[in-house]
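Trainee: Got a minute to walk me through this one? I'd like to start with helix packing.

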Amino acid sequence: MLIMGAPGAGKGTQATALAEAYSVPAISTGDIFRANIRNATELGVKVKAIIEAGEYVPDDVTEAIVADRLAEEDCASGFLLDGFPRTMHQVHFLDRHLSRQRRRLNAVVSLMVEPDVLVARLLDRAQKEGRTDDNEDTIRRRMEVYAGQTAPLLFHYERQGLLVEIEGTGTVEEVRQRMLEAVAARKA
């Protein structure tokens, strides 16, 4: 499965619940990058330099990391990817990778939240975490970039009959319940 949503939509929170419900690992590419940077691995040094230069980690690097992670034993019965794929190149890579392994996605969960709600959530988080670079203008720009980059991915998965859109506004428990019910209905 995949979980998608704009920054502030609650992906990380809901990914944990979804992964637990299906007894699969929740795999966050962002977490993998941060762990490698923190541990100063060869990959971490490379990724840190890319990020510090203000660039996105190239598709081939991200794809290799995901392929390696999906080959681990705990992914044998399934997985939940959070933060991947982000580009159509990555979508096609994942489709080919899973096809070669005679595996397929069962569902792509998309958390849908109104932009003004996301901005309010992110401004609150920025204030609590002391993120001075997260102001309303930069947050709204990130929302525009996310929407523009993600629309083709969502369309691709919708055409495949995999997309499960979830209203992401409400309490964590309300969103979780909607998500688990919708995914269960999709998988039935």
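Trainee: Which hand does the crossing of H6 and H7 have?

Mentor: First, this is a predicted model, where local features need pLDDT of at least 70, side-chain atom pairs count only at pLDDT 80 or more, and totals for chains, interfaces and linings use all residues. Numbering runs from 1 along each chain as its sequence is written, and side-chain values use heavy atoms, with hydrogens and water left out. A crossing is left-handed if the near helix is turned anticlockwise from the far one by less than a right angle, and right-handed if clockwise. For H6 and H7 (DSSP runs of H or I, at least four residues, numbered from the N terminus), the crossing is right-handed.

Trainee: At what angle do H6 and H7 pack?

Mentor: Axes here are lines fitted to C-alpha atoms over the stretch in contact, with angles from 0 to 180 degrees between N-to-C directions. H6 covers residues 115-129 and H7 residues 136-159. Their axes lie 10 Å apart, at an angle of about 130°.

Trainee: Which residues of H7 does H6 meet?

Mentor: Contact means heavy atoms within 4.5 Å. From H6 come Asp 116, Leu 118, Val 119, Leu 122 and Leu 123. Their partners in H7 are Glu 136, Ile 139, Arg 140, Arg 142 and Met 143.

Trainee: Which helix gives the most to the largest nonpolar core?

Mentor: Such a core joins buried (under 20% relative accessible area, 1.4 Å probe, protein chains only) Ala, Val, Leu, Ile, Met, Phe, Trp, Tyr and Cys through side-chain atoms within 4.5 Å. This one has 28 residues, with Leu 70 and Phe 79 among those touching the most other members. With five residues, the top contributor is H4.

Definitions and conventions. Helices (H or I, at least four residues) and strands (E, at least two) are DSSP runs, numbered from the N terminus. Buried means under 20% relative accessible area, exposed over 50%, partly exposed in between (1.4 Å probe, protein chains only).
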